[in-house]
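Colleague: Before we look at the coordinates together, could you take me through how one reads empty space, helix packing and unusual backbone geometry in a model such as this?

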Amino acid sequence: MIAMSHLPHILPALASAHRQGETVLLVTVVATSGSTYRRPGARMVIRPTGATIGMVSGGCLERDILERGQTVLATGAAVVVTYDSTSRDDILWGLGLGCQGTVTVLIEVLSPDGDTSTGGALPHRHPLQTLAANQGDQPPMVLASVFAVADATVPLGAYLSITAEPSSQIVVSADRTEADLVRAIALDAETVLHRQQSTIRHYSVGAGIVSVFLEFVPPPVGLVIFGSGQDVLPLVQGAKSLGWRVTVVDCRAQPASPVRFAMADQVILTRGERLKELSFSQQTAAVVMTHNYLDDRDILNLLHSVPLQYIGLLGSRQRTHQLLMELQQMGLFLETMPQQKLHAPIGLDIGAETPEQIALAILAEIQAVLSGQNGGFLKNSSGSIHTPTSTHANHLSQ
């Protein structure tokens with residue numbers, strides 16, 4: 001299972017605010033319990049105009065957060081707010097959520113020049129500001145945020161970013177946080193990186209306790225689409241609306257394709273013999289929809305050995321069977337594509353007929369596969385809708 005990121009729409013907002021020299025509020029869900037609309041890691045950016053990007057609830061908390069945010073802007077000090085909808089009194093006298101859950105949010109100020117509250121030290125940029133400047137291009141990382149402090153000197157809102165480089169070396173970027181605490185967080189972050197699951201940890205610092213949200217931040221989901229027909233366009237549009245990084249590969253190298261698919265992050269014009277030059281990562285899904293039998297055959301042969309969790313092939317069962325049999329007979333494809341890897345016919349069964357409906361079915365299936373879900377009806381499932389965040393405690397004694 002590949003963890004899904006909450007950042008696709010947040011990072012462009014932070015990049016835009018930085019370009020315009022704006023100071024913004026960043027609101028992050030750091031803890032939840034019971035039934036809630038969003039999970040830890042959900043974020044919202046509030047710009048000086050009051051415009052918001054992202055959501056931390058279904059819309060029921062945002063108004064109160066906007067009001068509290070004015071105080072945060074005035075003081076510059078981060079605050080944590082917990083909304084509890086488990087009581088019936090909340091429906092009658094409170095916010096009227098009725099969700100039977102609690103949501104804890106961290107509200108902090110991000111200035112275009114970073115945090116200068118260290119008193120003469122170099123400004124600290126929030127890790128998300130750095131990611132935004134890099135256009136969201138990053139290896140898997142853990143973002144650790146302090147959201148509760150009891151009898152400790154660690155500032156509320158202090159953060160660390162922990163990245164696993166290709167050499168597996170853990171790189172820590174710390175914001176004015178105690179050295180022993182940094183070491184303990186970095187150790188837990190290795191587990192978060194391995195499990196690809198966010199968690200909450202509680203650490204002993206002197207005589208106090210510090211609560212930290214360790215959020216797993218995966219690289220952006222990538223979608224490589226092989227094909228340049230009219231049915232590719234709604235797939236590109238839908239994937240971009242999800243914040244995915246989209247590459248269109250036109251195996252016929254038509255000069256008009258870069259203009260037609262300008263919304264895509266990359267358009268590659270290539271002939272079949274150059275397909276082997278393409279590179280992929282595990283966070284990439286591939287969709288084959290060239291409407292050309294020979295091109296599809298060559299692409300499937302290439303993708304068979306690529307470490308992808310999802311490969312979708314447009315076409316009928318009979319056509320797919322013929323393609324796979326021919327590849328085997330040619331010695332290019334030694335074994336049947338694993339069923340969990342190849343999805344053909346492509347897409348969830350939602351009765352799709354039009355190109356737009358087919359694109360919806362394909363995107364929904366990719367989302368389900370990368371999230372480790374079966375794509376069925378939620379009403380027929382049992383247990384929590386969301387994968388719970390681990391809350392195992394871990395204490396550090398100084």
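Modeller: Let us begin with a lining, bearing in mind that this is a predicted model. The residues that line the second largest pocket fall into 9 nonpolar, 8 polar and 4 charged, and the volume of this pocket is about 480 Å³. Of its 21 lining residues, those closest to the centre are G222, T247, S279, S281 and T284.

Colleague: Which strands each supply at least two residues of the lining of the second largest pocket?

Modeller: They are β11 (222-226), β12 (245-250) and β13 (266-269), and the one that gives the most is β12, with 4 residues.

Colleague: How does one find enclosed space, and how many cavities of 30 Å³ or more does the structure hold?

Modeller: The general idea is that a probe the size of a water molecule, rolled over the atoms, shows where empty space is left. In this structure there are 2 cavities of 30 Å³ or more, and the largest has a volume of about 70 Å³. Its lining is made up of L14, A17, H18, E22, V24, L110, S111, P112, R125 and Q129, a set that divides into 5 nonpolar, 3 polar and 2 charged residues.

Colleague: Which helix gives the most to the lining of the largest cavity?

Modeller: That is helix α1 (residues 10-19), with 3 residues. L14, one of the residues of that lining, also lets us turn to strand β3 (residues 52-54), where I53 is found. The C-alpha atoms of I53 and L14 are separated by 9.6 Å, although the two residues are 39 apart along the chain. If neighbours within four places in sequence are left aside, the contacts of I53 are with H9, I10, A13, R43, M44, V45 and R47.

Colleague: Turning to helix packing, at what angle do the axes of helix α6 and helix α10 cross?

Modeller: The axes of helix α6 (residues 232-241) and helix α10 (residues 355-371) cross at roughly 45 degrees and come within 8 Å. An angle under 35 degrees would count as roughly parallel and one of 65 to 115 as roughly perpendicular, and α6 and α10 are therefore oblique to each other. The crossing in which α6 passes α10 is right-handed. On the α6 side the contact is made by P234, L235, G238 and A239, and on the α10 side by P355, E356, A359, I362 and L363; by class, these residues divide into 7 nonpolar, 1 polar and 1 charged.

Colleague: What angle and what distance between axes describe the packing of α8 and α9?

Modeller: Helix α8 (residues 293-303) packs on helix α9 (residues 317-329) at an angle of about 60 degrees, and their axes are 10 Å apart. By the reasoning used above, α8 and α9 are therefore oblique to each other, and α8 passes α9 in a right-handed crossing. Y293, D296, R297, L300 and N301 of α8 meet R319, Q322, L323, L324, E326 and L327 of α9, and this contact has 5 nonpolar, 2 polar and 4 charged residues.

Colleague: That leaves the backbone: which peptide bond is cis, and which residue has a positive phi although it is not a glycine?

Modeller: As a general guide, most residues other than glycine have a negative phi, and most peptide bonds are trans. Here the peptide bond from A344 to P345 is cis, with omega near 0 degrees, and P345 has its place in the loop between β16 (342-343) and α10. The residue with the positive phi is A253, at about 50 degrees, and A253 lies in the loop between β12 and α7 (257-260). We have met β12 before, as the strand that gives the most to the lining of the second largest pocket.

Conventions
Residues are numbered from 1 along each chain as its sequence is written. This is a predicted model: local features need pLDDT of at least 70, side-chain atom pairs count only at pLDDT 80 or more; totals for chains, interfaces and linings use all residues. Side-chain values use heavy atoms; hydrogens and water are left out. On a 1 Å grid over the protein atoms alone, a cavity is a set of points where a 1.4 Å probe fits but cannot get out, and a pocket is an open set with protein on both sides within 12 Å along at least five of seven lines; lining residues have an atom within 4 Å of a point. Grid points are joined across faces, edges and corners, and a volume is the space filled by probe spheres set on the points. Ala, Val, Leu, Ile, Met, Phe, Trp, Tyr, Cys and Pro count as nonpolar, Asp, Glu, Lys and Arg as charged, and the others, Gly among them, as polar. Axes are lines fitted to C-alpha atoms, for helices over the stretch in contact, and angles run from 0 to 180 degrees between N-to-C directions. Angles under 35 degrees count as roughly parallel, over 145 as roughly antiparallel, 65 to 115 as roughly perpendicular and the rest as oblique. A crossing is left-handed if the near helix is turned anticlockwise from the far one by less than a right angle, and right-handed if clockwise. Contact means heavy atoms within 4.5 Å.
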